[in-house]
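This report goes through one protein chain, beginning with a single residue and working outward to the whole. The sequence and structure come first.

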Amino acid sequence: MIFLAVTLGFFAESIRENLTDHSKEKEYVKSMIADLKNDTAMLREIIDVNIRRVSGIDTFSSLLNKVSLTVDDEKQLYILNSRYASNVASMDWSDGTIRQLLTSGNLRLMSGQGVSDSIMNYYGPLKDLASGQANVLSEAVKRAYFTAEDIFDRSYIRVIMNKDSSFSRKPLPDTMSVLTTDKAVLKKYSQMVLTTQGLINNYLDMLFHMYKRADALLLFLQDKYDIN
């Protein structure tokens with residue numbers, strides 16, 4: 001009788017643990033699905049922004065290499081530089097759930113067929129490579145930003161603090177002259193901007209692959225756990 005009671009107690013405890021683990025697994029999956037929805041939405045936005053940037057840099061580079069610049073060309077250089085060469089559109093991953101799973105050791109809960117492999121296919125080396133490429137891109141943009149000080153008069157483009165502590169840009173003047181029209185200086189800057197464009201293209205390729213993986217994992221988890 002004692003043996004039977006101990007055995008039944010053991011099975012009861014095992015059932016309780018399984019139910020608890022299953023409940024935790026479901027909650028983690030719901031949280032991961034929310035992360036993936038955020039990632040796919042942001043990936044679409046970041047990809048779109050960077051595609052426009054690649055196209056804009058072509059226009060900007062061509063203008064920098066123009067034989068002679070008109071007054072309108074010089075103002076357009078300011079606009080294109082600000083729009084396409086002076087900032088970075090990089091992915092901010094929603095990885096809170098996977099971090100919790102890894103630090104707590106609860107990734108073991110994702111024991112269903114192909115679940116953990118599918119998860120790590122997305123949250124694996126390619127994601128780290130994409131993040132590393134974003135850092136390289138950021139450094140390239142920073143380098144170009146400071147080089148542009150030799151070309152663009154930043155007094156034309158200033159941010160003003162309003163009385164309510166918000167910020168706004170002052171209107172652009174009708175005429176905006178570059179600090180130099182030296183072809184060697186403009187050519188060097190064009191080369192730097194084209195280097196940035198190449199890095200953006202590499203980054204875009206990684207983001208396209210990450211989007212496909214995110215979308216596939218999202219559909220897989222929704223189907224596997226019957227969660228929308």
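Setting aside residues up to four places away in sequence, Leu36 touches Tyr122, Tyr123, Ala214, Leu217, Leu218 and Leu221. The model that shows these contacts is predicted.

**The nonpolar core**

Leu36 belongs to the largest nonpolar core, which has 59 residues. Leu36, Phe60, Met110, Tyr122, Phe152, Tyr189 and Leu221 are the members that touch the most other members. At least two residues of this core come from each of H1 (2-64), H2, H3 (96-104), H4 (115-122), H5 (125-147) and H6 (183-225). The element that gives the most is H6, with 15 residues.

**The chain as a whole**

The chain has 6 helices and 2 strands. Along the sequence these follow the pattern α-α-α-α-α-β-β-α. Of its 228 residues, 36% count as buried. Among contacts in the chain with a separation of 6 or more, 83% are between residues 24 or more positions apart.

**Confidence**

The average pLDDT of the chain is 88, and 89% of the residues score at least 70. Over residues 3-19 the pLDDT is below 50, and this stretch has 0 contacts in the model beyond near neighbours in sequence. Where pLDDT is low, the predicted coordinates should not be read in detail.

**Pocket and cavity**

The structure holds 1 cavity of 30 Å³ or more. The table sets the largest cavity beside the largest pocket.

| Feature | Volume | Lining by class |
|---|---|---|
| Largest pocket | about 210 Å³ | 4 nonpolar, 3 polar and 3 charged residues |
| Largest cavity | about 30 Å³ | 6 nonpolar, 3 polar and 1 charged residues |

Which residues line the largest pocket? They are Tyr78, Asn81, Ser82, Ser86, Tyr145, Phe152, Asp153, Arg154, Ile157 and Arg169. Helix H2 (residues 71-85) gives the most to this lining, with 3 residues. Phe152 is thus named twice: it lines the largest pocket, and it is one of the residues that touch the most other members of the largest nonpolar core.

The lining of the largest cavity consists of Asn50, Arg53, Tyr84, Asn87, Val88, Ala89, Leu137, Val141, Thr196 and Ile200. H1, H5 and H6 are the elements that give two or more residues to the lining of this cavity.

**The segment after H6**

Two residues of the segment after H6 can be described in turn. Asp226 lies in this segment, and its phi is near 55°, a positive value in a residue other than glycine. Is Asp226 buried or exposed? Asp226 has a relative accessible area of 70%, and the cut-off for exposed is over 50%, so Asp226 counts as exposed.

Asn228 also lies in the segment after H6. With 76% relative accessibility, Asn228 is exposed as well. Leaving aside its neighbours within four places in sequence, Asn228 is nevertheless in contact with Lys37 and Gln222. From C-alpha to C-alpha, Asn228 and Ala34 are 9.6 Å apart in space, while 194 residues separate their positions in sequence.

Definitions and conventions
Residues numbered from 1 in each chain as written. Predicted model: local features only at pLDDT ≥ 70, side-chain atom pairs only at ≥ 80, totals over all residues. Heavy atoms only, no water. 1 Å grid on protein atoms, 1.4 Å probe; cavity = no way out; pocket = protein on both sides within 12 Å on 5 of 7 lines; lining within 4 Å. Points joined across faces, edges and corners; volume = space filled by probe spheres on them. Helix = DSSP H or I, 4+ residues; strand = E, 2+ residues; numbered from the N terminus. Nonpolar A, V, L, I, M, F, W, Y, C, P; charged D, E, K, R; others polar. Core = buried A, V, L, I, M, F, W, Y, C linked by side-chain atoms within 4.5 Å. Buried < 20%, exposed > 50% of the residue type's maximum accessible area, 1.4 Å probe, protein only. Contact = heavy atoms within 4.5 Å. pLDDT = per-residue confidence, 0-100.
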